[in-house]
Amino acid sequence: MSLLEEIEKTYEVACKELESISGLEDLEKFRTLYLGKKGSVQSILKKIGSLSIEEKKTIGQKANTVSQQLEELYSERKSYIKKLKMEEQISGEIFDSLRPVDISGSGSLHPITKVREEVEDIFVSMGFQIMDGPEIETDYYNFGALNFTEDHPARDMQDTFYTEDGNLLRTHTSAIQARALKELKPPFRIIAPGRVFRYEEIDASHENTFNQVEGMVVGKDISTASLIYTMDQLLTQIFHKKTTVRLRPGYFPFVEPGFELDFQCMVCNGKGCSVCKQSGWVELLPCGLIHPNVLKAGGLDPEIWTGFAFGLGLDRLVMMRYGINDIRYFNSGNLRFLKKFA
Ligand code: PHE
């Protein structure tokens with residue numbers, strides 16, 4: 001092979017190789033192999049020294065051009081790989097944008113807090129009062145008073161963290177239902193927002209620490225119709241859009257009948273899309289009419305008093321509202337995420 005052919009061949013092979021490189025480590029290997037002190041380009045340039053003056057001119061020029069072109073292609077590839085890496089990293093951190101975020105300046109409300117305050121306002125405008133309860137709860141308020149007997153299998157679905165003195169991190173805000181029944185005189189309407197905890201395998205849609213808003217209405221002649229109306233109101237005001245809800249049967253020991261409430265997907269208006277997994281409906285919350293045993297545990301006569309209750313998953317609602325695709329952002333403390341809501 002003549003030197004000219006060698007130069008051309010080297011260029012051709014190098015270009016092909018470069019195109020297939022997608023990592024910085026491989027790119028560095030490429031640089032050493034072709035552009036380094038002991039690389040192919042240098043060894044070609046060395047050979048030029050022994051050529052005749054005439055050949056030096058033509059072949060030397062060719063060799064210089066190829067060397068320059070390879071340097072350029074190498075730098076281009078390097079910035080391309082770096083850009084790809086950065087985009088990958090950013091899109092993993094932010095749900096809807098690749099724009100860089102300025103993380104200077106003062107703090108702001110967490111998206112969960114913002115939506116929680118909106119939900120509170122909506123319910124307060126409908127005559128609800130806001131109640132609070134402890135995050136470390138007794139077994140009685142978290143389970144016992146809510147019709148979970150000692151060895152009820154439904155307890156398994158809400159495994160949690162126990163303290164040494166036999167208390168537990170509440171698994172749901174329903175514990176506040178039991179407290180409200182003891183503390184308040186019916187009729188009453190409450191919502192109770194709060195943090196809850198479960199022993200969960202963490203992934204994009206599961207957290208061990210998340211947020212719920214409990215709702216409870218106790219009065220005379222409270223029916224499923226009251227429940228549907230209230231949920232309709234909530235959704236219309238949260239999403240600023242009229243919406244349709246539906247009920248499916250669901251089981252919880254403290255409601256009878258128990259339901260899962262879905263609303264018609266607002267992205268496709270029920271036609272089916274990726275948000276609603278082609279079903280036209282999005283699952284919103286479990287709810288139901290308060291079980292007579294729960295009313296009794298609260299000292300009320302179920303022949304006189306009735307009620308409904310619901311447990312709104314606040315994290316889910318916030319994710320839907322802002323198009324957030326990973327629940328783990330919420331507790332991450334990631335400023336890039338938090339600043340989106342400043
Ligand atoms: N507490 C239940 C849960 O966290 C939800 C629920 C609340 C169901 C109120 C019915 C009524 O899974």
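## Exercises on the ligand site and serine 67

In this predicted model, a polar side-chain atom of arginine 198 lies 2.9 Å from an oxygen atom of the ligand.

**Exercise 1.** Find which other side chains place an N or O atom 2.9 Å from an atom of the ligand.

*Solution.* Begin with histidine 172, where an N or O atom of the side chain is 2.9 Å from a nitrogen atom of the ligand. Then turn to glutamine 212, whose side chain has an N or O atom 2.9 Å from an oxygen atom of the ligand. Taken alone, the ligand exposes 330 Å², and the protein buries 95% of that.

**Exercise 2.** Describe the shell around the ligand by its elements and by the class of its residues.

*Solution.* First, list the elements that give two or more residues to this shell, which are β5 (209-219), β8 (281-290) and β9 (306-313). Next, note that β9 gives the most, with 3 residues. Then sort the shell by class, which yields 7 nonpolar, 6 polar and 2 charged residues. Finally, of the 15 residues around the ligand, those that come nearest are His172, Ser174, Arg198, Gln212 and Gly311.

**Exercise 3.** Decide whether serine 67 is buried or exposed, and name the residues that serine 67 touches, leaving out those up to four places away in sequence.

*Solution.* Locate serine 67 in helix α4, which covers residues 53-93. The relative accessible area of serine 67 is 16%, and buried means under 20%, so serine 67 counts as buried. With residues up to four places away in sequence not counted, serine 67 touches Leu35 and Val41.

Note on methods
Residues numbered from 1 in each chain as written. Predicted model: local features only at pLDDT ≥ 70, side-chain atom pairs only at ≥ 80, totals over all residues. Heavy atoms only, no water. Helix = DSSP H or I, 4+ residues; strand = E, 2+ residues; numbered from the N terminus. Buried < 20%, exposed > 50% of the residue type's maximum accessible area, 1.4 Å probe, protein only. Contact = heavy atoms within 4.5 Å. Near = heavy atom within 4 Å. Polar contact = N/O pair within 3.5 Å; in protein donor to acceptor, adjacent residues only side chain to side chain. Areas by Shrake-Rupley, 256 points an atom, 1.4 Å probe, with all protein chains shown as cover. Nonpolar A, V, L, I, M, F, W, Y, C, P; charged D, E, K, R; others polar.
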